[in-house]
Amino acid sequence: MHAHPMKARASSASVTRMDLARAKTESESAARGDAGRVTPMMEQYIEIKAANPDCLLFYRMGDFYELFFDDAEVASRALGIVLTKRGKHLGRDIPMCGVPIHRADEYLHKLIALGHRVAVCEQLEDPAEARKRGAKSVVQRDVTRLVTPGTLTEDTLLDARRNNYLLAVVRARGGPGEASSFGLAWIDISTGEFGVAECGASALAAEIARLEPGEILVSDTLYSDPELSPWLRALPAVTPLARDVFDGATAERRLADYFAVATTEAFGALTRLELTAAAACISYVERTQLGKRPPLSPPRHEAAGAAMAIDQATRSNLELVRTLRGERDGSLLAAIDRTVTAAGSRLLAQRLAAPLTDSAAVNNRLDAVALFAGDAALRGDLRDRLRAAPDFARALSRIAVERGGPRDLAAIRDGIKAAAAIAAKLHRRKDLPVEIREAVEGLRRPDPEIAETLTAALADELPAFKRDGGFVRSGYDAELDEARALRDESRRVIGQMQARYAQETGIRILKIRHNNVLGYFVEVTAQHGDKLLAPPLNATFIHRQTLAGQVRFTTAELGELEAKIANAAERSLAIELEIFARMAGAAAKAGADIKAAAEGLALLDVATALAQLAVEQNYVRPEVDGTLQFVVEGGRHPVVEQALAREGVPFVANDCDLSAAEEAGTGRIWLLTGPNMGGKSTFLRQNALIAVLAQMGSYVPARRAHIGIVDRLFSRVGAADDLARGRSTFMVEMVETAAILNQARERSLVILDEIGRGTATFDGLSIAWATIEHLHDSNRCRALFATHFQELTALAAKLPRLHNATVRVKEWHGDVVFLHEVVPGVADRSYGIQVAKLAGLPPAVIERARLVLAKLEADDRSSPARGFDDLPLFAAAPVAAPSQAEAALDALTAALAALHPDEMSPREALEALYALKAKAGAR
Ligand code: ADP
């Protein structure tokens with residue numbers, strides 16, 4: 001039995017473990033005979049479960065996976081399936097629920113998505129074998145696989161267009177007063193990608209946000225670290241592991257073992273932390289795959305700063321790979337994805353998540369896009385070929401962990417062929433950019449022999465599972481053909497036998513049938529049964545079964561034939577499985593070459609897709625270099641533009657120039673004012689997105705763009721409450737602003753939208769004011785700042801690199817018309833009432849607001865300190881119609897005011913008091 005010393009998370013699984021520990025001791029004593037109530041099967045279950053305490057155990061029984069005890073309760077709740085009982089254990093009912101085999105993947109998917117781990121326990125022998133050992137014998141079973149969120153390989157459990165990373169995080173504590181540093185290693189076992197990096201404490205969250213791992217491995221120590229624990233526990237699917245997995249001393253050896261190399265030096269210089277994280281990942285992969293080794297690329301070291309740093313808040317604000325609501329649709333990724341293969345789509349998402357900071361590398365990518373943007377015929381041809389290419393990296397991984405089927409072999413065959421065909425088309429060209437040349441080299445790596453063998457061996461129609469047989473082409477293997485002929489011949493013989501029996505018995509409707517319980521049998525209707533049960537026919541026909549309408553028999557001859565058929569079928573399946581194993585072995589052996597070809601195709605897909613996008617959406621190649629330029633002429637928002645186009649509305653292109661002045665070497669800040677709905681947010685985001693697109697190696701939605709590398713991108717856009725973490729809008733805004741002011745440097749690009757909105761006007765204005773000064777004087781970064789505080793525009797007089805811009809509007813018959821044009825200057829007013837009118841506020845309210853505003857603006861002249869655009873709200877409050885209570889109070893006040901106590905006699909005073917009381921009493 002395999003031991004899996006993975007530690008349980010704080011979930012119900014740990015309860016299960018305790019319970020089972022107890023149950024196990026009890027069952028041991030039961031086995032000694034003091035209780036005598038534990039069945040052998042339950043004993044087996046408890047033993048297997050005890051070895052996998054932190055997983056839900058799928059225990060195979062015939063056509064079902066059954067779950068027992070706490071597992072059953074957890075699963076029935078999670079899956080919405082019925083909880084039943086099966087016998088008793090130590091006097092208590094055993095809760096049970098079951099999942100039919102053919103729907104197992106679907107249920108696994110749900111459980112994994114909820115962060116559970118599942119151990120799948122199979123029957124290792126035919127139940128008939130167990131029965132031979134005695135009536136009480138239990139079918140041999142054991143765990144054949146562990147399914148965890150970060151180690152999936154099945155297409156049914158994976159999103160084709162996304163990587164699913166397993167990430168290991170290790171920490172090295174800094175010296176006194178120093179920050180800790182972290183080692184990261186991430187593996188997508190479904191594709192074999194393997195990366196390592198080191199980062200500082202401040203960048204850890206951003207790295208995790210970039211990779212979006214399916215599962216995160218940390219040591220127990222880290223998991224219970226007082227500082228990190230609350231944060232770690234809030235992340236989805238964190239798996240704490242025993243310390244030995246994170247042992248630095250054995251890390252290098254474990255890694256070298258996995259790749260069967262003498263030393264890890266071949267992987268380049270990896271730091272101690274990186275090695276430790278990489279080894280932790282590897283160990284977990286081996287454990288969950290029960291020792292099988294999916295083909296991994298050697299760990300690729302990612303230098304710190306190689307990718308544009310984008311923190312979690314900025315990623316979600318800019319809706320790079322999904323919208324704020326969590327959907328792919330509406331994100332930048334969805335808007336630019338023109339890939340035609342799943343692998344291409346994954347690579348595009350990776351690139352978008354990590355734009356490069358090395359301008360030479362960016363230009364290599366852009367060169368590749370340029371080749372295809374300039375050659376429509378080549379692009380079209382490649383895209384047609386790519387469209388037909390399967391996701392063979394994932395097929396290969398499945399084959400390597402022995403979870404693959406005949407269709408995976410076919411995918412490898414077709415993938416290699418597609419790669420070879422494309423390579424043949426491209427490799428003689430002299431004008432290939434570096435990136436494409438390398439991709440083509442990858443395409444040419446697999447030995448064509450593998451594809452040829454697969455072509456020769458695989459049938460045209462393939463079953464989903466190898467156990468179904470019938471996937472080897474006839475004519476490929478003589479022995480197989482013979483076994484199959486025998487099987488088919490026997491089936492034909494059965495047909496003849498049926499005809500002969502019908503004739504001999506004179507029962508025309510006599511049939512020879514087959515089922516799993518009886519095997520082959522002769523069947524006649526009840527009315528004919530007696531004839532076969534009586535002499536002379538009963539000498540030939542042996543009674544097997546009498547049903548309501550039929551009687552079933554066998555014959556010696558039929559029995560013999562049946563054995564022959566079964567043997568032949570068994571033999572042909574055995575031969576097929578042998579052939580499968582041989583081909584799978586060959587594919588796995590050539591794994592590195594096949595992976596290189598798959599990567600080459602993914603790269604070509606991305607390059608041609610970006611070219612397609614550029615041509616279709618009229619994007620331009622950006623000039624990307626090491627300067628501090630930021631010039632966008634005629635820029636558009638890639639997502640809004642496409643959304644408007646679907647409604648036939650044109651997008652208004654706008655210019656932006658944040659370039660550093662030559663001498664100063666520090667970037668410009670644009671302060672953007674203008675009415676709500678004028679297009680400020682859109683303008684801010686579009687410029688950030690253009691920087692992201694340019695540095696990921698894509699053309700950009702602009703007439704011209706010159707982007708000096710941005711090392712970090714920050715954005716604080718819109719207001720989003722983080723109620724889950726108990727922070728108000730304003731608090732979130734300030735936390736994000738603090739991060740920006742503390743971290744932005746000359747090379748950074750900062751986008752700030754409506755800072756200081758969530759508090760009192762003066763507070764907000766003051767914070768926004770100080771923020772701009774700090775960005776200008778200390779951060780000295782390129783920045784865009786949108787605000788509704790007109791007052792801030794005065795700063796331009798004081799700060800030389802601050803530039804005022806506004807979105808143009810036209811007033812027309814009291815309505816506002818947004819032109820969405822960004823022009824130099826300052827907004828003349830805020831048009832809040834016009835926007836409110838557009839939004840459908842009742843006409844009476846709009847009218848009233850206009851009056852209040854007019855009054856406020858008139859007052860404003862005498863007290864110029866006032867005049868913030870949120871005042872009308874407060875000023876409008878007292879004009880509400882007086883309520884009844886207020887009317888009564890007014891009457892009392894008026895009566896009181898009419899009294900003159902000095903002129904009253906004591907008696908008059910007393911009468912007045914009675915009168916007032918009566919008035920009050922009437923209320
Ligand atoms: P603000 O931030 O000033 O309130 P938004 O940027 O949210 O305004 O823009 C409001 C709406 O105006 C957007 O949803 C979009 O439909 C439209 N819009 C913005 N900019 C443009 C543009 N350049 N061209 C066309 N429509 C635009």
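Which helices each supply at least two residues of the lining of the largest cavity? In this predicted model, they are α16 (392–400) and α23 (591–617). The close-ups below start there and then move on to the other cavity and the ligand.

**View 1. The largest cavity and its lining.**
This hole has a volume of about 70 Å³, and the structure holds two cavities of 30 Å³ or more. Helix α23 gives the most to the lining, with three residues. Walking around the wall, you meet Thr341 and Ala343, then Leu386, Ala389, Pro390, Asp391, Phe392 and Ala393, and finally Ala598, Leu601 and Ala602.

**View 2. What kind of wall the largest cavity has.**
Sort the lining by class and you get nine nonpolar residues, one polar and one charged. Thr341 and Asp391 sit in this lining, along with Phe392 and Pro390.

**View 3. The second largest cavity.**
Here the volume is about 40 Å³. Its lining is made up of Val169, Phe182, Leu204, Ile208, Ile216, Val218, Leu222, Leu228, Trp231 and Leu232. Two or more of these residues come from each of α6 (204–211), β10 (215–219) and α8 (229–234). How does the lining divide by class? Ten residues are nonpolar, with no polar and no charged ones.

**View 4. The shell around the ligand.**
Now over to the ligand, which has 14 residues around it. Val652, Met677, Lys680, Ser681 and Thr682 are the closest. Helix α25 (residues 680–696) provides the largest share of this shell, three residues in total. Broken down by class, the shell has six nonpolar residues, seven polar and one charged.

**View 5. Polar atoms up close to the ligand.**
Zoom in on three residues of the shell, taking the backbone first. At Val652, a backbone N or O atom lies 2.8 Å from a nitrogen atom of the ligand. At Met677, a polar backbone atom is 2.6 Å from a ligand oxygen atom. Thr682 uses its side chain instead: a polar atom there lies 2.5 Å from an oxygen atom of the ligand. How much of the ligand does the protein bury? On its own the ligand exposes 560 Å², and the protein buries 78% of that.

Notes: Residues numbered from 1 in each chain as written. Predicted model: local features only at pLDDT ≥ 70, side-chain atom pairs only at ≥ 80, totals over all residues. Heavy atoms only, no water. Near = heavy atom within 4 Å. Polar contact = N/O pair within 3.5 Å; in protein donor to acceptor, adjacent residues only side chain to side chain. Areas by Shrake-Rupley, 256 points an atom, 1.4 Å probe, with all protein chains shown as cover. Helix = DSSP H or I, 4+ residues; strand = E, 2+ residues; numbered from the N terminus. Nonpolar A, V, L, I, M, F, W, Y, C, P; charged D, E, K, R; others polar. 1 Å grid on protein atoms, 1.4 Å probe; cavity = no way out; pocket = protein on both sides within 12 Å on 5 of 7 lines; lining within 4 Å. Points joined across faces, edges and corners; volume = space filled by probe spheres on them.
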